[in-house]
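Let's take a walk through this structure together. Have a look at the picture first, and then we'll go from a hollow in the surface to the way the helices sit against each other.

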Amino acid sequence: MARLPYADLSHPEVSPLVEQIVAERGSVLHLYQMLLQSPQVARGWLNHLTGIRHNSSLPGDLREMVIMRIAILNGAPYEADQHAPIALKEGMTQGQLDALNDWKSSTLFSDRERAVLAYTDTMTRDVQVPDGVFDAVKVYFEPKQMVELTATIATYNMVSRFLEALQIHTHDER
């Protein structure tokens, strides 16, 4: 059960945002129903996440691999529940999803994916990224995509921290 009540989606102040969220996401997920307690924050969040998820040149399978790894590292099951189907649709295999918890000992990830996962782990766990980790990943991406990868990792760490601080979970009643 979430620590705060979910927003009333029928409130006139949130109606335009509810319509936008439904148009862009298909439904108002628990995350957005909580964010709608502050329509201004919800609007900014939605615009930011739309940029990261839909306006980036980063390949979808890598984006979703990063998101799923962050969900594991941060113990954010809601994030994993929401993104596992997207990861599969974007080209990750079920085997890769299953191996993400112990990716270092898995043979299912390419050198590029391993560099991305090391970068994700370091940004998530340590915040500061040593030159060796950064240099290993930057050889696979042009500067634009390195910025997008870094922004994706930072953003989904923000998402998981928000979800877990407020205890937002898939099976919550709304």
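A pocket, in the sense used here, is an open set of grid points with protein on both sides within 12 Å along at least five of seven lines. Keep in mind that what you're looking at is a predicted model. In this model, the largest pocket holds about 270 Å³ of space. It's lined by 17 residues, and those closest to its centre are Arg-25, Leu-29, Arg-53, Gln-82 and His-83.

Where does the lining come from? Five elements each give two or more residues to the lining of the largest pocket: α1 (15–25), α2 (30–35), α3 (39–54), α5 (77–90) and α9 (143–165). The largest share belongs to α5, with 5 residues. Sort the lining by class and you get 10 nonpolar residues, 3 polar ones and 4 charged ones.

Now step back and take in the whole chain. It has 9 helices and 0 strands, so to speak a run of α-α-α-α-α-α-α-α-α when you read along the sequence. The C-alpha atoms fill a box of roughly 50 × 30 × 30 Å along the principal axes. How does that fit with a compact globule? For 174 residues, such a globule would have a radius of gyration near 16 Å, and the 17 Å of this chain agrees with that.

Next, find α9 again, this time beside α4 (residues 60–73). These two helices pack at an angle of about 35 degrees, and their axes are 9 Å apart. Their crossing is right-handed. On the α4 side, the residues that make the contact are Arg-63, Val-66, Ile-67 and Ile-70, and they meet Leu-149, Thr-152, Ile-153, Tyr-156, Asn-157 and Ser-160 of α9. By class, this contact has 6 nonpolar residues, 3 polar and 1 charged.

Another helix pair to look at is α7 (residues 111–125) with α8 (residues 131–138). Here the angle is about 145 degrees, and the axes lie 8 Å apart. The crossing of α7 and α8 is left-handed. From α7 come Ala-115, Val-116, Ala-118, Tyr-119 and Thr-122, which meet Val-133, Phe-134, Ala-136 and Val-137 in α8. Which classes turn up in the contact of α7 with α8? There are 8 nonpolar residues and 1 polar, with no charged residue in this contact.

How values were computed: Residues numbered from 1 in each chain as written. Predicted model: local features only at pLDDT ≥ 70, side-chain atom pairs only at ≥ 80, totals over all residues. Heavy atoms only, no water. 1 Å grid on protein atoms, 1.4 Å probe; cavity = no way out; pocket = protein on both sides within 12 Å on 5 of 7 lines; lining within 4 Å. Points joined across faces, edges and corners; volume = space filled by probe spheres on them. Helix = DSSP H or I, 4+ residues; strand = E, 2+ residues; numbered from the N terminus. Nonpolar A, V, L, I, M, F, W, Y, C, P; charged D, E, K, R; others polar. Axes fitted to C-alpha atoms, helices over the stretch in contact; angles between N-to-C directions. Left-handed = near helix turned anticlockwise from the far one by under 90°. Contact = heavy atoms within 4.5 Å. Rg over C-alpha atoms; globule rule 2.2 N^0.38 Å.
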